[in-house]
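Colleague: Please take a close look at one part for me: the cavities and what lines them. Tie in the neighbouring secondary structure where you can.

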Amino acid sequence: MTTLEAFLSELRQRDVQLWLEGDRLRYRAPEGTMTPDLVAALKARKTEIVTFLQQVNTATQAQRPPLVAIARSEPAPLSFAQQRFWLLHQFEPESSANNMPVVLRLTGNLNLAAWEQSLTELVRRHEILRTTFPVIAGEPRQVVAPVTEITVPVIDLRSHPAAEREAEALRLATAIARKPFDLITGPMLHVGLLRLTETESLFIWSMHCITGDGSSSDLFYQELTTLYAAFSAGHPSPLPPLPIQYADFAQWQRNWLQGEVLDHQLAYWKRQLGGNLAAVQLPTDYPRPPLQTFRGDRCPCMFSPHLHRQLLQLSQQTGTTLFMVLLAAFKTLLYRYSGQEDLLISFTNAGRNQIETEKLIGFFSGTLLLRTSFAGNPSFRDLLQRVREEALEAYAHQDLPFEKLVEELRPEQNQSRSPLFQIKFALNPPWTNGRGMASVNLPDLVIESLFGYIYHGKTKFDLILVMREQEQGLGAVFDYNADLFDLNTAERMMDHFQMLLEGIVANPDQLV
């Protein structure tokens with residue numbers, strides 16, 4: 001049986017929320033997530049989990065005040081993450097590096113009026129989608145605009161020759177995706193509809209990171225499709241009211257994260273990041289430019305379902321999670337390339353630690369750092385246990401915003417690279433029914449997310465590995481700095497990663 005920590009980590013990776021109502025254990029999970037085996041495992045460990053949650057609640061109750069709606073007597077402050085995005089925007093207001101575009105393919109009979117009604121309701125529900133960030137009394141603030149009806153610009157491509165239509169659609173979708181945002185005047189949501197045929201269209205929306213994260217994009221999609229299904233059938237919105245808005249969270253975060261709470265979080269990360277903290281030195285195709293340009297490119301790959309299953313089996317056998325196995329494997333790849341025994345990379349957490357934030361659009365995603373030692377040439381199995389312990393400790397100290405950590409540590413400023421880390425890993429949740437951006441089949445319309453259809457051509461780091469469990473297997477994408485690497489190198493690195501994964505599942509006791 002896996003450890004309790006590993007089991008809870010697995011639930012967290014699957015977006016399963018656990019909480020106590022008195023002495024009763026409650027959970028909320030995306031549709032289709034709670035398989036019979038997972039429900040049985042949850043029931044078998046119920047007493048253990050209840051005891052653990054009671055201990056956690058007792059330890060944090062005095063420190064963590066309730067997250068409630070605040071009086072809006074004046075514009076709210078920015079959250080710590082928003083503050084960072086706002087500052088970055090001042091240096092490069094025309095950059096699309098922080099844009100988050102999504103493209104949907106709509107096949108069938110689209111009811112445009114119901115689609116626009118759905119978007120209008122989304123913007124009404126989530127204040128952050130109509131929030132701008134002007135400077136008031138010398139500080140940026142969140143100013144919420146009144147609700148207005150959303151009108152989707154429609155570009156008709158049906159008169160274009162069929163052979164040219166897709167290329168023109170890609171060009172136009174990319175232009176919408178790369179359109180810069182004006183944080184002072186808005187709007188903070190860019191949308192467009194491209195008609196390809198009588199029964200096929202592409203819909204594009206783009207948000208800025210200051211208003212949302214990856215989970216927010218998933219939530220936007222889920223609520224948009226749910227609202228459209230209701231409105232196109234003549235029904236009212238089935239979505240329950242939101243208890244709070246993002247501005248309430250920002251004010252709560254500012255009030256809570258100070259004093260002893262802040263000092264405790266900072267003390268842990270200072271210990272973790274003490275001593276000589278060298279950047280990961282990967283061999284590059286080109287010398288690093290003196291000024292970071294954020295010019296990026298990507299290299300996708302799909303690992304087989306068989307390899308996916310073997311990796312899942314290894315995680316179960318070792319009392320870890322798939323996330324931990326892939327993270328340890330990626331670190332091993334970096335160790336092979338760099339020869340460095342002390343490796344620091346980043347990974348993301350959802351940052352939605354309170355039930356009130358679960359259904360809220362906004363930027364909650366946190367940046368966590370993982371520093372791993374390869375000293376002594378461990379076996380992969382031993383390395384995996386090191387990564388497991390480090391990841392669990394990082395999760396236990398995830399409340400400190402990365403922005404506050406950088407502010408406190410004051411790393412040496414280098415205009416050619418990002419502070420503290422240059423390499424990042426992410427395992428995104430799978431898209432299944434009711435979760436993420438899984439396809440939606442309505443009576444008159446099929447809605448499908450086109451993952452990877454467009455790429456904004458920007459990256460903030462040397463290398464990012466993003467992975468996702470899919471029906472076809474285990475998807476992987478390298479986003480890389482095109483000033484440092486060319487495509488052939490990225491493809492070769494991906495081939496090496498696949499070979500490494502195959503070797504790990506064949507013999508996890510092999511020395512790294």
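Modeller: First, the element names: helices (H or I, at least four residues) and strands (E, at least two) are DSSP runs, numbered from the N terminus. With that in hand, H8 is the place to start. H8 gives five residues to the lining of the largest cavity, the most of any element. Bear in mind that the model is predicted.

Now the counts. Two cavities reach 30 Å³ or more. The largest cavity holds about 290 Å³ of space. The second largest cavity has about 40 Å³.

Take the largest cavity. Its lining has 25 residues. Nearest its centre lie Phe249, Gln253, Phe364, Asp399 and Pro401. Four elements give two or more residues to this lining: helix H4 (80–91), helix H8 (246–256), E13 and helix H13 (402–409). The classes are mixed: eleven lining residues are nonpolar, ten are polar and four are charged.

The second largest cavity has another make-up. Trp269, Thr367, Leu368, Leu369, Leu400 and Leu405 line it. Five of the lining residues are nonpolar, one is polar and none is charged. E13 supplies three residues, the largest share of this lining.

So much for the linings; E13 deserves its own look. Strand E13 spans residues 366–373. E13 gives two or more residues to the lining of the largest cavity, and three to that of the second largest cavity. E13 belongs to an open sheet of six strands. The order is E11-E18-E17-E14-E12-E13, with mixed pairing. E13 is an edge strand there, pairing on one side only. The other edge is strand E11 (296–303). From one strand to the next, the twist averages 20°.

The partner of E13 is strand E12 (residues 342–349). E12 and E13 run antiparallel and share eight bridges. One contact point links back to the cavities. Leu369 in E13 is the bridge partner of Ser346, and Leu369 also lines the second largest cavity.

Finally, the E11 end of the sheet. Helix H10 (residues 305–317) lies across E11, strand E17 (463–470) and strand E18 (473–481). H10 runs at about 95° to E18.

To pull it together, H8 leads the lining of the largest cavity. E13 leads that of the second largest cavity, and E13 is also an edge of the sheet.

Terms used
Residues are numbered from 1 along each chain as its sequence is written. This is a predicted model: local features need pLDDT of at least 70, side-chain atom pairs count only at pLDDT 80 or more; totals for chains, interfaces and linings use all residues. Side-chain values use heavy atoms; hydrogens and water are left out. Two strands pair if DSSP finds at least two bridges between them. Axes are lines fitted to C-alpha atoms, for helices over the stretch in contact, and angles run from 0 to 180 degrees between N-to-C directions. Contact means heavy atoms within 4.5 Å. On a 1 Å grid over the protein atoms alone, a cavity is a set of points where a 1.4 Å probe fits but cannot get out, and a pocket is an open set with protein on both sides within 12 Å along at least five of seven lines; lining residues have an atom within 4 Å of a point. Grid points are joined across faces, edges and corners, and a volume is the space filled by probe spheres set on the points. Ala, Val, Leu, Ile, Met, Phe, Trp, Tyr, Cys and Pro count as nonpolar, Asp, Glu, Lys and Arg as charged, and the others, Gly among them, as polar.
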